[in-house]
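Welcome, and thank you for taking a look at this protein. Please have the sequence and the 3D view open side by side, and let us walk through some features together.

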Amino acid sequence: MRIEVAGSTHVGMKRNHNEDNYLVLTEENLVVVADGMGGHSSGEIASRIAVDELGEFFRMTSKDQDATWPFKMDKQRNYDENRLSTGIKLANARIFERATVDTKYKGMGTTIVSVHFADSAAYVGHVGDSRVYFFRGGMLQQVTEDHSLLNDYLKAKKLSPEEIENFPHKNVIVRALGMKEQVQVDVTRVDPLENDVFLLCSDGLSGMISDAQMQDILSRTPELEKACGQLIDLANAAGGNDNVTCVLARYHAA
């Protein structure tokens, strides 16, 4: 198995600083995007803690598979699913702890999306409204489900396109790292095929351009680094209202 990866982040056109962070941990076949929130740069701190803690947990468990984990394994999940979920839970605990100890970081938090490739599978772990898609045969499909107030409304009742467009609380997320001492992590398994591309992004990308536009760029641009740049440029051209981060990972079976 070999994973080809490209990633980039941009402050956008309206913000003064970038609260997004991303991680490409090649040796562990792990890619991560985190979108921080909180005033006075604390969102940037939260997203940095998230990617650092998850990456460090993967490095540690790779070197010592008998190492004691900070959370019990879920018997309903396999080792790789538990490893990803536990790493994200650990990141949550570190962010919550930092915000509790240092009052200037009170209320900080971050979304997280991650993909770990192991044993011919791709495990997607996430909390919040950053997204993971996968692109296969010219079609783009969303893997994650937004943990947002808007999505809760969409599941509870049908909203018209106009109601969705005018929904007053589009940016309210109902689950994020750092909000509570413990967090529920969604983990989804995808069985990738040769040349499948996984797209991880903050809502600075998915909130500015449509899935159809993303699909079009991936269809026309096989070079991952070039496609990543085009996606970010398109989000900025559409207004760039938020920080925008994109990571693309292409799966090769051998």
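A residue is called buried when its relative accessible area is under 20%, exposed when that area is over 50%, and partly exposed in between. Please keep in mind that this is a predicted model.

## Two buried residues

Let us begin with Val124. Its place is in strand S6, which covers residues 121–127. Val124 has a relative accessibility of 1%, and buried means under 20%, so Val124 counts as buried. What does Val124 touch, apart from residues up to four places away in sequence? Its contacts are Leu84, Ser114, Val115, Val132, Val143, Thr144, Asp186, Val187, Thr188 and Val190. Val124 also has a partner to look for in the C-alpha trace: the C-alpha atoms of Val124 and Glu81 are separated by 8.5 Å, although their positions lie 43 residues apart along the chain.

A second residue to find is Ser202, in the loop between strand S10 and helix H5 (203–206). Is Ser202 buried or exposed? Ser202 is buried, and its relative accessible area is 0%. Once neighbours within four places in sequence are left aside, Ser202 is in contact with Asp20, Val33, Asp35, Ser130, Asn243, Val244 and Thr245.

## Two helix pairs

Next come the helices. Two packed helices are described by the angle between their axes and the distance between the axes.

Take H1 and H2 to start with. The axes of H1 and H2 cross at roughly 140° and come within 8 Å. That angle makes H1 oblique to H2, and the crossing is right-handed. Which residues of H1 take part in the contact with H2? On the H1 side they are Ile45, Ala46, Ile49, Ala50, Glu53, Leu54, Phe57, Phe58, Thr61 and Ser62. They meet Tyr79, Arg83, Leu84, Thr86, Gly87, Ile88, Leu90, Ala91, Arg94, Ile95 and Arg98 in H2. By type, the residues of this contact between H1 and H2 comprise 13 nonpolar, four polar and four charged. Leu84 in H2 is one of the residues here, and Leu84 is also among the contacts of Val124.

The other pair is H6 (residues 211–220) with H7 (residues 224–237), packed at an angle of about 150° with axes 9 Å apart. H6 is therefore roughly antiparallel to H7. The crossing of H6 and H7 is right-handed. Here Gln213, Met214, Ile217 and Leu218 in H6 meet Ala227, Gln230, Leu231 and Leu234 in H7. Six of the residues in this contact of H6 with H7 are nonpolar, two are polar and none is charged.

## Salt bridges

How many salt bridges does a search of the whole structure find? The search finds 12. Here are some of them.

| Side chain | Side chain | N to O distance |
|---|---|---|
| Arg94 | Glu53 | 3.7 Å |
| Arg136 | Asp196 | 2.7 Å |
| Asp191 | Arg189 | 2.8 Å |

Arg94 belongs to helix H2 (residues 79–101) and Glu53 to helix H1 (residues 42–63), so their pairing ties together parts that are 41 residues apart in sequence. Arg94 counts as partly exposed, at 33% relative accessibility.

Now turn to Arg136 and Asp196, whose side chains meet in a salt bridge. This pair links distant parts of the chain, 60 residues apart: Arg136 sits in strand S7 (residues 131–136), and Asp196 in the loop between strand S9 (186–190) and strand S10 (197–201). Is each partner buried or partly exposed? Arg136 is partly exposed at 30%, whereas Asp196 is buried at 2%.

In the third pair, Asp191 is partly exposed with a relative accessible area of 46%, and Arg189 is partly exposed at 44%. Elsewhere, Glu27, Glu56 and Arg59 are linked in a network of salt bridges.

## Two loop residues with positive phi

Finally, look at two loops. Asn29 is in the loop between strand S2 (20–25) and strand S3 (30–37). Its phi is near 50°, a positive value in a residue other than glycine. Asn29 is partly exposed, with a relative accessible area of 22%.

Ser120 is in the loop between strand S5 (112–118) and S6. What is the phi of Ser120 near? The value is near 65°, again positive in a residue other than glycine. Ser120 counts as partly exposed at 48% relative accessibility.

Technical notes: Residues are numbered from 1 along each chain as its sequence is written. This is a predicted model: local features need pLDDT of at least 70, side-chain atom pairs count only at pLDDT 80 or more; totals for chains, interfaces and linings use all residues. Side-chain values use heavy atoms; hydrogens and water are left out. Axes are lines fitted to C-alpha atoms, for helices over the stretch in contact, and angles run from 0 to 180 degrees between N-to-C directions. Helices (H or I, at least four residues) and strands (E, at least two) are DSSP runs, numbered from the N terminus. Angles under 35 degrees count as roughly parallel, over 145 as roughly antiparallel, 65 to 115 as roughly perpendicular and the rest as oblique. A crossing is left-handed if the near helix is turned anticlockwise from the far one by less than a right angle, and right-handed if clockwise. Contact means heavy atoms within 4.5 Å. Ala, Val, Leu, Ile, Met, Phe, Trp, Tyr, Cys and Pro count as nonpolar, Asp, Glu, Lys and Arg as charged, and the others, Gly among them, as polar. A salt bridge is a side-chain nitrogen of Lys or Arg within 4 Å of a carboxyl oxygen of Asp or Glu. Buried means under 20% relative accessible area, exposed over 50%, partly exposed in between (1.4 Å probe, protein chains only).
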